Amino acid sequence: LADQTVYPQSFRLHNVVLNMVADLWNCPKPPDFDDYGAFAGAGTVGSTEACLLGGLCLKFRWRNWYAKRHNLTEEQVRAVYPNLVISTCFQAAWEKLF
């Protein structure tokens with residue numbers, strides 16, 4: 001991303017895109033959303049970083065959901081992996097995720 005102090009519009013665009021992705025993924029609004037007007041997030045330059053950050057979010061949210069659903073501890077749920085169905089044209093970073 002560009003320097004937000006020099007190009008404040010780039011940071012506003014970052015927050016708009018971040019909010020769109022959060023809405024798309026049905027993320028719960030954080031308690032401080034009204035103060036900042038944006039979800040927490042990180043901008044990336046490359047697709048690998050973006051895939052890995054998104055994948056980590058998916059992984060941790062899935063672990064929380066799965067642990068609650070099956071009454072598992074944090075250690076027990078780490079032994080289970082989600083079943084991701086992706087195309088043969090996937091980004092190579094997905095192999096690194098698990």
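Helices here are DSSP runs of H or I with at least four residues, numbered from the N terminus; by this naming, Asn26 is found in the loop between α1 and α2. The model shown in every view is predicted.

**Figure 1. The protein chain as a whole, with 5 helices and 0 strands.** Read along the sequence, the elements follow the pattern α-α-α-α-α. The chain is more spread out than a compact globule, because its radius of gyration is 16 Å, well over the 13 Å that the globule rule gives for 98 residues. Along the principal axes, the C-alpha atoms fill a box of roughly 45 × 35 × 20 Å. Buried residues make up 21% of the 98 residues. Among the contacts with a separation of 6 or more, 44% are between residues 24 or more positions apart.

**Figure 2. The surface and charges of the protein chain.** The accessible surface comes to about 7800 Å², and carbon and sulfur atoms account for 58% of that area. The chain carries 9 positive and 9 negative charges. The mean position of the positive charges lies 8 Å from that of the negative charges.

**Figure 3. Helix α1, residues 8-24, and its buried residues.** The end C-alpha atoms of α1 are 25 Å apart, which agrees with the 24 Å that 17 residues should span at 1.5 Å a residue. Buried within this helix are Ser10, His14, Asn15, Leu18, Asn19 and Ala22. An α-helix has 3.6 residues a turn, so residues three or four places apart point the same way. The buried residues of α1 pack against α2, which covers residues 33-36. After α1 comes Asn26, with a positive phi near 55°.

**Figure 4. Leu18 in helix α1 and its contacts.** Leu18 counts as buried because its relative accessibility is 17%, under the 20% cut-off. Once neighbours within four places in sequence are set aside, Leu18 is in contact with Phe39, Ala40, Gly41 and Ala42. The C-alpha atom of Leu18 is separated by 21 Å from that of Trp94, a residue 76 positions away along the chain.

**Figure 5. Asn19 in helix α1 and the residues that it touches.** Asn19 has a relative accessible area of 16% and is therefore buried. Residues up to four places away in sequence are not counted in this view, and Asn19 then touches Phe33, Gly37, Ala38 and Phe39. Phe33 belongs to the range 33-36 of α2, the helix against which the buried residues of α1 pack. Phe39 also appears in the contact list of Leu18.

**Figure 6. Helix α3, residues 47-70, and the helices that it packs against.** The 24 residues of α3 should span 34 Å at 1.5 Å a residue, and the end C-alpha atoms are 34 Å apart, which agrees. The buried residues of this helix are Cys51, Gly54, Gly55, Lys59, Trp62, Arg63, Tyr66 and Ala67. The charged types Lys and Arg are thus represented in that list by Lys59 and Arg63. Packing partners of these buried residues are α4, residues 74-77, and α5, residues 93-97. Just after α3, Asn71 takes a positive phi of about 50°.

**Figure 7. Asn26 in the loop between α1 and α2.** Although Asn26 is not a glycine, its phi is positive, at about 55°. Asn26 counts as exposed because its relative accessibility is 62%, over the 50% cut-off.

**Figure 8. Asn71 in the loop between α3 and α4.** Asn71 is not a glycine, yet its phi is positive, at about 50°. With a relative accessibility of 68%, Asn71 counts as exposed.

**Figure 9. Asn83 in the loop between α4 and α5.** The relative accessible area of Asn83 is 70%, so this residue is exposed. Asn83 and Asp23 are 60 residues apart along the chain, and their C-alpha atoms are separated by 23 Å.

Notes:
Residues numbered from 1 in each chain as written. Predicted model: local features only at pLDDT ≥ 70, side-chain atom pairs only at ≥ 80, totals over all residues. Heavy atoms only, no water. Helix = DSSP H or I, 4+ residues; strand = E, 2+ residues; numbered from the N terminus. Buried < 20%, exposed > 50% of the residue type's maximum accessible area, 1.4 Å probe, protein only. Contact = heavy atoms within 4.5 Å. Rg over C-alpha atoms; globule rule 2.2 N^0.38 Å. Areas by Shrake-Rupley, 256 points an atom, 1.4 Å probe, with all protein chains shown as cover. Lys, Arg positive; Asp, Glu negative; His and termini not counted. Charge placed at Lys NZ, Arg CZ, Asp CG, Glu CD. Expected span 1.5 Å × (residues − 1).
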